[in-house]
Amino acid sequence: METNRYDVVVVGAGLSGLVAAGVAAHRKLKVALVATGAGSFVTGPAWLTAREIRQASTTADLGEAIDFFCEIATLAGCPYTGDITTARFLPSILGDFHSVALTPLTLWNAEPRKGVTTAIVGIRGLSSFDENFMAERLTEQARLIASGCAYTARQISLSRNMGVPVTTLRVAQCFDRDPVFREELTSALRAAASGFERILIPGILGLETSAEQIAQFERELGCQVSEIPTLPPSIPGLRVYHHLESYLHKIGVELYRGFPANKVEIQDGLCMGLQIASPGHPLNLRCRSAVLATGRSSTNPLGLEYAGCDQQMRPLNSTGSVITRNLFVAGPLPHSSDGDHGNAMRILTGYRAGSLAASTRGNHAA
Amino acid sequence: MWCGRAQLEGHGMEAAQVVIIGGGATGAGILWDLSLRGISATLLEQGDIANGATGRCHGLLHSGGRYAVKDTDTARECAAESNIIKAIAPHCVDDVGGLFVQFAQDDPAFFDQWQRAAEAAGIRSRRLSADEARELEPSLAANILGAFTCPDAHVDVFRLVLANLEAAVARGGRFKTYSKVTSIHTANGHVRGVRYRNALSGEEHEISCEMVINAAGGWAQSIAELAGVEAPIYCDKGTLLVLNHRLNRRVINRCRQPGDADILVPAGPTCILGTSSIRVPGPEGLSVSPEEVDRLLRLGDEMIPGLVDARILRIFCGVRPLYAPRTAEAAKGREISRGFALLDHETRDGVGGFVSIVGGKLTTYRLMAAEVCDCVVGKLGIIAECATDKTPLRPAIDRKTHQRALHLLPHPVADKMERRLGLATVRVIETIEARPELAELVCECELVTRGELEYVLGGSAPAPVFAISDVSRRTRLGFGPCQGTFCGYKAMLAGYQTHRWTAAEAANRFSAYLHERSRGQSFIHKGRQLEQLELNHDLYGAEQPFCAKPGVQDGN
C-alpha cells in the first residue's frame, strides 16, 4: 500500500478545510488536502453576513481568523471587501437585501445607492435569472429600507449558440477562455449600460478572473459593474473556491481530489493517518496531526463513534471522552449543536483547527 | 376561484343540488360520479387537492393481499376495485405488480394461511420459490423462504384526484380549492346551504343546496359538528419515508400480520417505505421522532439489506381517518376495519340532506363514492345508475399528438407529459413548437418542461394553482432529490414571467414553498439529504428554516 507522510492532513475543501490547510501551509508545514469535491459554500455567494458575524463575535479570535482569510483570499487573487464592524445591503437570489459584512469584490458594489441610475442586465436564454423580476423586487425592497434606489431591467442577446437553456457556467467558461466572446459581451453590455452609472449582472464573469481583470472590464464598459448571485452553478462561490484551491497548490499543499477519506487510523488516542478510498487500492496518508472538515454529511470518517467535539475542537465519543488528541474538527459536522452554519463560523473553526493542528506534535510517523 | 360552469346568475347566491366537502380521492370520486349521473354538484376543499390522507399515503393500489387474512370483505373489495381503477385510469397507475414475501423470522403459518385467504378473496396469485423471488427482486434479503405474486400497483394519487375532478368539470361539475366550510345552514331539520371562506382572500360566500356530503376524511368530525352531529373518527398516524432510488421493481409486502415498515412501494424515480401506526388526536400538527425513523429504517433493512443507508429525500406522515363507532373504541389502529361507513344523518340524527362518508381506503374510493351517490340520488328522488366503473376518466391520446410530442421531446419526457396532461398535451406541444425554448427541462427528476409548467400556471388549466406546492401536485415538480431547491425557484420565475404573480407575490410563494419542503426534510437526522439542506441554506441564506430538529409538519 502506498504511503505518503505529512505534517498535517486536512479532509474537506469547504471554507473551513481550505482555511485550515492555508494556516498550516503558511507555517511552512507539509500539508495534504483531501476532498471529494468543493464544499457546499460554492452554491452561495460566499459572503459573510452581518448576522453570522454577530453570532460569532463573542469569540476573541474572530478578527484574527477573518484577517487571515482575507489575506489568503487577496494572495489567491479573489480579494474580499468590507470588514467585520460594518455591513451593507446586497441583493440576494430572491431579490431581497441581505446585510453583508464581507464579500468577494465582484458582489460589493450592488448595494442600493440613492440617485445612482442602475440597470439590471439579463442574458437572453439564461433561464435561471430574470432581470425584470430582480428589478421589480429590488426597487420595492430598496424602498422598504428607505434607500429609494430604482432599478431598470435590460436584456442582451449573444450571437453565439450556448445551448438551451444557457447556464451561468457556460457563459463564465466562454468568458475565461475566449477573448472574442469577451469582446462581444463587453460591447453588448456597454450598449445596455448606456445612460446608466452602474449595471448589475448575474454572476457570469469567469471562474478564473482576477481582480485586475474585473477592473479592466469595468474600464472597457465605462461604468461600474457588480454581480448578483444566481442558482447553481453559482459563479461567485465557485470562483472563490477555484482561486483558493489554486493558491494552496501554489504554496505547496498537495491535493487529493475526487475520493473520500474513509478511515482514520488511531493508536493510543493518536491519529496516525488517514485512508483515502481511491479506486483499485486505498491510499494511506501518514500525519502528525489532522483536521476533519467534512461537513454535515454522513461521510465523517470517524464513523458512528463521533458525537461532537470539545473546546479544543477534539472529537468526542458518546461517553464524552476524547477519541484522538491530534485530530481537530472544523466546520459543521454532524451532531454539532451550533445552529447556524454560516461562512463566518466555517472560517473561524477552520482557522482554529488549522492553528491547533499546526502546533500539535502528534505521532512521529513523518 | 371558480372552476367549470360559470356562477349561476340571478340572486347572486351560488346554488347546486349537492355540495361535497373534501377534495381527497373520495370527494373527487363523488363529484365525478354525481356529474356523470347529471346532478349538479360543487366540491369545496379547504386547501389544495389531495391535501389530507390521499396525498400522504404510500400510493399503493392494493390488490387486497394486505387484508386477505384478517378482513376478507375489504380484501375482496380491493381486488375488484384495483382492477377497475387500472381500467378506467391507466394514466394514473404504474402497474408494477407485487410480492408477498416470506421471511425466515416471520410466522410460517401465516404464509400458508395467506394463500388460502387470497384465493377466497379472488386475488390472482402464484407461489414462487425463494430463488424465483430473488430473481424477480434481486435486492431482497437472502434469508427469504418464498413469495406470492399479486397484482399490487402504484397509483399517482394527485393525478387520480385531478383526473376525477377534470372529468367531472367536463360534465358540468364544479370545484373550489382553498375554500373552507365555516357553517352548514339547516331549516326545518334539513340542510339548506353552506357558508365557506376563501383561505387566500378571506372572503366569505354561500352556496344553497339540497344536500351536503361530508367527505372530509380526518376532518369529518369537525364538519359533522357544524351540523350538530357526530362522525366519530379514529386518527391513526402513519409515517412514510421517501427514498431516492427505486430499490425494488415491484411492491414488496412482508407476508405476516400487518405491522410497521412492511411495505415498500416503487413510486416514480423513488420508493416509499412505510408505515407506522400511532394514534393521534387529529389530522394536524403531526411530527416524527428520530427513533420512529430509525425503527422504520431498521425494519425496512430486514426486507432489503442496505436500505438503512439509503438517502431519505423526505419524511411525511398522514392520518388514516378510520371509522370508529363506539363499539370499536377499545380497538387499536390496525385492528379497526379498513372498511368504510356511510352515515345518514337523517335517520341517525334527524338532520335531513346530510350524509358523511368515513373510513375506507384509497383503493376503494370509487366504490365509496358510488355508495354515497346511490344514497344521494335516492334522497333526491332521481333515478340514475352509477357508471363510474365502466367510464374511462379521460379519453386516450391520439397517435398523431403522440408523434408530434416525440418530434419535440425525448421519449420519457413526452411519455410523462402525456400521462399527466392527457388531451391538453396538444396545447403544450403547440407552445413548444412556437417557442422551442419551452422544451427546457425545469424539473430534471420528474421531467417537467417549461412548456408544461407554463400551461399549469396559465388560466386554461382545469385545476388552477395558487401556490408552488400546487404546481408540484399537478406536475410532481420538486419531488426529486433537490426537493424544489432549483426547480421551485424556476417555477417561481415562471409564475412571474407568465404574469400569474407579481415579483413580490412570487418571492413570497417561493419562501412558503421552501419552508414547506424543508419541514418535510427536517425530520431527517442523518444521511446525504443533509448536504442538500446545507446547500439550500447556502443558496437562500439564513432566513430559511434550517434545522435537524423535529418540527411540526403540515405540508404533504
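**Close-up views of chains A and B**

**View 1. Helix H17 of chain B is mostly covered, with eleven of its twelve residues buried.** Welcome to this predicted model; we start at helix H17(B), which runs through residues 529-540. To find its covered positions, look for Gln529(B), Leu530(B), Gln532(B), Leu533(B), Glu534(B), Leu535(B), Asn536(B), His537(B), Asp538(B), Leu539(B) and Tyr540(B), the buried residues of this helix. Part of the cover comes from S20 and H16 of chain B. The length of the helix fits too: at 1.5 Å a residue, twelve residues should span 16 Å, and the end C-alpha atoms of H17(B) are 17 Å apart, which agrees. Just beyond the helix sits Gly541(B), with a positive phi of about 90°.

**View 2. Chain B meets chain A through 27 residues of chain B and 31 residues of chain A.** Three helices of chain B each bring at least two residues to the side that touches chain A: H15 (487-497), H16 (503-521) and H17 (529-540). Which of them supplies the largest share? H17(B) does, with eight residues. Sorted by class, this side of chain B holds 15 nonpolar, four polar and eight charged residues.

**View 3. Chain B is assigned three domains, and here domain 2 meets domain 3.** Domain 1 is made of 14-52, 158-232 and 338-380, domain 2 of 94-154 and 234-319, and domain 3 of 399-540. Taken over C-alpha atoms, the centres of domain 2 and domain 3 of chain B are 30 Å apart. Where they touch, domain 2 of chain B offers twelve residues and domain 3 of chain B offers 14. On the domain 2 side, helix H7 (290-303) and strand S20 (312-323) of chain B each supply at least two residues. S20(B) gives the most to that side, with five residues. You can also sort the domain 2 side by class: eight residues are nonpolar, two are polar and two are charged.

**View 4. Chain A is assigned two domains, which touch each other.** Domain 1 of chain A joins 3-75 with 241-358, while domain 2 of chain A covers 87-231. Their centres, taken over C-alpha atoms, are separated by 33 Å. The contact pairs eleven residues of domain 1 of chain A with twelve residues of domain 2 of chain A. On the domain 1 side, strand S3 (48-49) and helix H2 (50-56) of chain A are the elements that give two or more residues. H2(A) gives the most to this side, with three residues. By class, the domain 1 side counts seven nonpolar, three polar and one charged residues.

**View 5. Helix H1 of chain A, residues 15-26, has end C-alpha atoms 16 Å apart.** With 1.5 Å for each residue, the twelve residues of H1(A) should span 16 Å, so the span in the model agrees. Is this helix mostly covered or mostly open? H1(A) is mostly covered, as eleven of its twelve residues are buried. Follow the buried residues along the helix: Leu15(A), Ser16(A), Gly17(A), Leu18(A), Val19(A), Ala20(A), Ala21(A), Gly22(A), Val23(A), Ala24(A) and Ala25(A). What do they pack against? Their partners in chain A are strands S1 (3-13), S2 (31-38) and S14 (283-292), along with helices H3 (62-76), H9 (235-250) and H10 (343-358). Finally, look just after H1(A), where Lys28(A) takes a positive phi of about 60°.

Conventions: Residues are numbered from 1 along each chain as its sequence is written. Chains are lettered from A and ligands numbered from 1 in the order in which they are written. This is a predicted model: local features need pLDDT of at least 70, side-chain atom pairs count only at pLDDT 80 or more; totals for chains, interfaces and linings use all residues. Two residues are in contact if their C-beta atoms, placed from the backbone, lie within 7 Å. Helices (H or I, at least four residues) and strands (E, at least two) are DSSP runs, numbered from the N terminus. Ala, Val, Leu, Ile, Met, Phe, Trp, Tyr, Cys and Pro count as nonpolar, Asp, Glu, Lys and Arg as charged, and the others, Gly among them, as polar. The expected span of a helix is 1.5 Å times one less than its number of residues. A residue is buried if 20 or more other C-beta atoms lie within 10 Å of its own, exposed if 12 or fewer, and partly exposed in between; C-beta atoms are placed from the backbone. Domain bounds come from an automatic or database domain assignment.
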